[in-house]
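Colleague: Could you take me closely through one part of this model, the place where two neighbouring helices pack against each other, and then set that part in its surroundings? I would like one connected account rather than a list.

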Amino acid sequence: MDRLKPDNVMKLFKKDPVFSISLILALISCTLSRPKADYINFEVLACLFNLMVVVKAFEELCFLDKVAVSILNKCTDSRKVSLVMVLLSFFSSMVITNDVALITLVPLTLIISRKSDMDMLVTVILQTLAANLGSSLTPIGNPQNLYIFSYYRLTASQFFASISFLAVSGLVWLCVLSLRSSKIEYELNLGNVDIKDKKKATIWALLFIIIILSVFDVINYKIVFIATLIITFFINKRLLLKVDYLLLATFVCFFIFIGNISNIPSVAEFMKQNLDDPVQTYFSSILLSQVISNVPCAIFLSKFTTYWKELLLGVNIGGMGTIIASLASVISYKLFVKDNPGSSRKYIGLFSLYNVISLGLFTFINYFIAIKR
């Protein structure tokens, strides 16, 4: 019972406000609608778990350290380091999804920060923006794209014609922001880092590839989840204790919240009345994403609208803004704050600044370029 004391609750809220908010929303929604296990996307949870285990394994084997040192030795100032990491996040997210890109690359940025004593807070924020913008360009870049592409039975030409301007303009915007960041020159000649156990590194690398294949549904995620557990248990069972289970719990809370409110009759009726034209669909998807995040927003609104283009643009633009607008943003926040526990408030403040400006910019540019015409 001590854990439920007000002081402990406040400590948890300060330590992890995103989880706390998601839990409160889930509990409130449960008073309005009966929760169901079907609301929880176990595939997403399993893939996140698998990836977090492998990334932790790479960290322990100094695999990420080796990559970090390689990048540092080729860059002569902090601005170049930041730009490289942002561009890596942008382009990799098109193929391995925004969640995977951030889980893989943010830890690498944090390692670079530790080895160079550079403040990489802004870089992590820009990486998050980059992953959300870059992933918008492909149907497999993020869950909402894959869902919309499949649900509306789109062709490749329809999809790319609708989303290309957002992705290209996003790349230009990211370059502008990166080049405006502070430039600190340094001379580092760090010695080569040796991978501690190359045989284990090979096994983890192969598992990482298998996990990526499960993301694309090439291999059943249940089989890969079991394989990850078995391999981890025999090679390094301590990694199971290093998984961020609060992050997984945050996703569960959001799934329950969305499932509950989607099944309230008055909510469904309201949405039908307010999604009868493309402009309403566009702005509704952007605004709703700020509250319930863009993946569940796409699933929810698709039940009430035929305007797929406006929905596609809206949920991808809507991934900017609040920290819960895209669950990928929650991932990078959690990774950064875990490494820098005293920077939570500063991170959220700067994150909100960059994202609100970006949200406003892309909302109105795409409205006049892609919607109003």
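Modeller: What follows starts at one helix pair and then moves outward to the cores and to a buried helix.

The model is a predicted one, and the part I would look at is the meeting of helix H17 (residues 327–339) with helix H18 (residues 344–371), whose axes come within 10 Å and cross at roughly 145°. The crossing in which H17 passes H18 is right-handed. On the H17 side the contact is made by Ser329, Ser332, Tyr333, Phe336 and Val337, which meet Ser344, Tyr347, Ile348 and Phe351 of H18. Sorted by character, the residues of this contact comprise six nonpolar, three polar and no charged.

Two of the H18 residues deserve a closer look. Tyr347 and Phe351 lie four residues apart in H18, about one turn of the helix. An α-helix has 3.6 residues a turn, so residues three or four places apart point the same way. Tyr347 and Phe351 are both buried. Among the 14 aromatic pairs found in the whole structure, theirs is a stacked one, with 6.0 Å centre to centre and 15° between the planes. Elsewhere in H18, Tyr367 and Phe368 join Tyr282 and Phe283 in one aromatic cluster.

Tyr347 also leads from the helix pair into the interior, since with Trp204 and Phe251 it is listed as having the most contacts inside the largest nonpolar core, a set of 55 residues. H17 and H18 each give two or more residues to this core, as do helix H2 (17–30), helix H3 (42–60), helix H6 (98–116), helix H7 (121–134), helix H10 (198–215) and helix H12 (245–262). The most is given by H3, with 11 residues. Leaving aside neighbours within four places in sequence, Trp204 is in contact with Val53, Val54, Ala57, Phe58, Leu61, Ile231, Thr232, Ile235 and Leu239. A second core, separate from the one just described, has 43 residues, including Val86, Ile148, Trp173 and Ile317.

Ile317 brings us to helix H16 (residues 308–317), which is largely enclosed by the rest of the structure because nine of its 10 residues are buried. Those buried residues are Trp308, Glu310, Leu311, Leu312, Leu313, Gly314, Val315, Asn316 and Ile317. Their cover includes H18, together with helix H8 (143–151), helix H9 (156–179), helix H14 (278–292) and helix H15 (294–302). H18 therefore appears twice in this account, as a partner of H17 and as part of what covers the buried residues of H16, a helix largely enclosed because nine of its 10 residues are buried.

Conventions. Residues are numbered from 1 along each chain as its sequence is written. This is a predicted model: local features need pLDDT of at least 70, side-chain atom pairs count only at pLDDT 80 or more; totals for chains, interfaces and linings use all residues. Side-chain values use heavy atoms; hydrogens and water are left out. Axes are lines fitted to C-alpha atoms, for helices over the stretch in contact, and angles run from 0 to 180 degrees between N-to-C directions. A crossing is left-handed if the near helix is turned anticlockwise from the far one by less than a right angle, and right-handed if clockwise. Contact means heavy atoms within 4.5 Å. Ala, Val, Leu, Ile, Met, Phe, Trp, Tyr, Cys and Pro count as nonpolar, Asp, Glu, Lys and Arg as charged, and the others, Gly among them, as polar. A nonpolar core is a set of buried Ala, Val, Leu, Ile, Met, Phe, Trp, Tyr and Cys residues joined through side-chain atoms within 4.5 Å. Buried means under 20% relative accessible area, exposed over 50%, partly exposed in between (1.4 Å probe, protein chains only). Rings of Phe, Tyr and Trp (its six-membered ring) pair if their centres lie within 6.5 Å; planes under 30 degrees apart count as stacked, over 60 as edge-to-face and the rest as tilted.
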